[in-house]
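Here is a short tour for a reader new to this structure. It moves from the sheet to its helices, then to single side chains.

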Amino acid sequence: MSRSRNTFWAIGLLVLIIGGLGALSLFSDKAPQPIAQAVADTIVVHKSPTCGCCGKWVDHLKAEGFAVEVHDEEDMNAVKSRLGIPARLVSCHTATVGGYLIEGHVAAADIKRLLQEKPKAQGLAVPGMPVGSPGMEVGDQRMPYETLLFNGEEATIYARHGE
């Protein structure tokens, strides 16, 4: 067989494979996401390996369609310090997504809004561990809390919940 004929067959095989992969996506119950969107929406979570509410928050993110990469950390204070989380905004877990920091039990809806609006800020924080926030559910108990948009020590209210 000549070299050009081998090239022809190789290209034909490649077209069949790519077409077959595309056809497989027709049977998926989720619409395919553009590659750039899927990568941008991957949340990298740093948490203590023994924290139950952190795991529940990760489940909340996954249920809302985010891809989540989890890193169990022995020293969360070092992670927060390295990433630049202001002490007054600290909670139990820290995450990054789309160039932003996410501190604590921030609702997935707030994160989606942040990624859509792209404000000039370091990220979002829910200081402490308010009952009723994602991952901190206790039956039907809810306490009002705020999600803060922060840039260094400066923070403004980004969203109110439970009011």
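Contact here means heavy atoms within 4.5 Å. Angles run from 0 to 180 degrees between N-to-C directions. With that in hand, helix α4, residues 76-83, lies across β1, β3 and β4. Helix α4 runs at about 130 degrees to β1. The model is a predicted one.

## The sheet and its helices

The sheet is open and has 7 strands. Their order is β2-β1-β3-β4-β5-β6-β7, and the pairing is mixed. Which strands sit at the edges? They are β2 (67-72) and β7 (154-161), and each pairs on one side only. From one strand to the next, the twist averages 20 degrees. Strands of a sheet pair through backbone hydrogen bonds, either parallel or antiparallel.

Helix α3 also lies across part of this sheet. It spans residues 52-63 and lies across β1 (42-47), β2, β3 (94-97) and β4 (100-104). Helix α3 runs at about 175 degrees to β1.

## Strand β6 and its partners

Strand β6 covers residues 145-151. Is β6 largely enclosed or largely open? Of its 7 residues, 5 are buried, so β6 is largely enclosed by the rest of the structure.

Strand β5 (residues 123-126) pairs with β6 in the antiparallel sense, over 3 bridges. G123 has F150 of β6 as its bridge partner. L124 is matched with L149 in β6.

Strand β7 pairs with β6 too. That pairing is antiparallel and runs over 7 bridges. Here L148 stands opposite I157 of β7. The two strands form a hairpin with 2 residues between them. In this hairpin, G152 takes a positive phi near 65 degrees.

## Salt bridges

How many salt bridges does a search of the whole structure find? The search finds 6. The table includes three of them.

| Pair | Closest N to O distance |
|---|---|
| K47 and D72 | 2.9 Å |
| E64 and K112 | 3.5 Å |
| E146 and R160 | 3.5 Å |

Take the salt bridge of K47 with D72. K47 lies in strand β1 and D72 in strand β2, so the pair ties together parts that are 25 residues apart in sequence. K47 counts as buried, at 9% relative accessibility. D72 is partly exposed, with a relative accessible area of 46%.

Next comes the salt bridge between the side chains of E64 and K112. E64 lies in the loop between α3 and β2, and K112 lies in helix α5 (residues 108-117), so the pair ties together parts 48 residues apart in sequence. E64 counts as partly exposed at 37% relative accessibility. K112 is partly exposed as well, at 36%.

The last pair in the table is E146 with R160. E146 lies in strand β6 and R160 in strand β7, so this pair ties together parts that are 14 residues apart in sequence. E146 is partly exposed, with a relative accessible area of 31%. R160 is also partly exposed, at 47%.

## Cysteines without a bond

How many disulfides are there? The count comes to 0. C53 is in no disulfide, and the nearest cysteine sulfur, that of C51, is 3.4 Å away. A disulfide needs two cysteine sulfur atoms within 2.5 Å. C53 counts as buried at 12% relative accessibility.

Why does C92 form no bond with C53? The sulfur of C53 is the closest cysteine sulfur to that of C92, yet at 3.6 Å it is too far for a bond. C92 is buried too, with a relative accessible area of 16%.

## T94 in strand β3

T94 lies in strand β3. Is T94 buried or exposed? It is buried, with a relative accessible area of 0%. Its side chain makes a polar contact with the side chain of K80, at 2.7 Å.

Leave aside the neighbours of T94 within four places in sequence. T94 is then in contact with V44, V45, H46, M76, K80, L83, I85, I102 and E103.

Note on methods:
Residues are numbered from 1 along each chain as its sequence is written. This is a predicted model: local features need pLDDT of at least 70, side-chain atom pairs count only at pLDDT 80 or more; totals for chains, interfaces and linings use all residues. Side-chain values use heavy atoms; hydrogens and water are left out. Two strands pair if DSSP finds at least two bridges between them. Helices (H or I, at least four residues) and strands (E, at least two) are DSSP runs, numbered from the N terminus. A salt bridge is a side-chain nitrogen of Lys or Arg within 4 Å of a carboxyl oxygen of Asp or Glu. Buried means under 20% relative accessible area, exposed over 50%, partly exposed in between (1.4 Å probe, protein chains only). A polar contact is a pair of N or O atoms within 3.5 Å; within protein, one must be able to donate a hydrogen and the other to accept it, and residues adjacent in sequence count only if both atoms are side-chain atoms.
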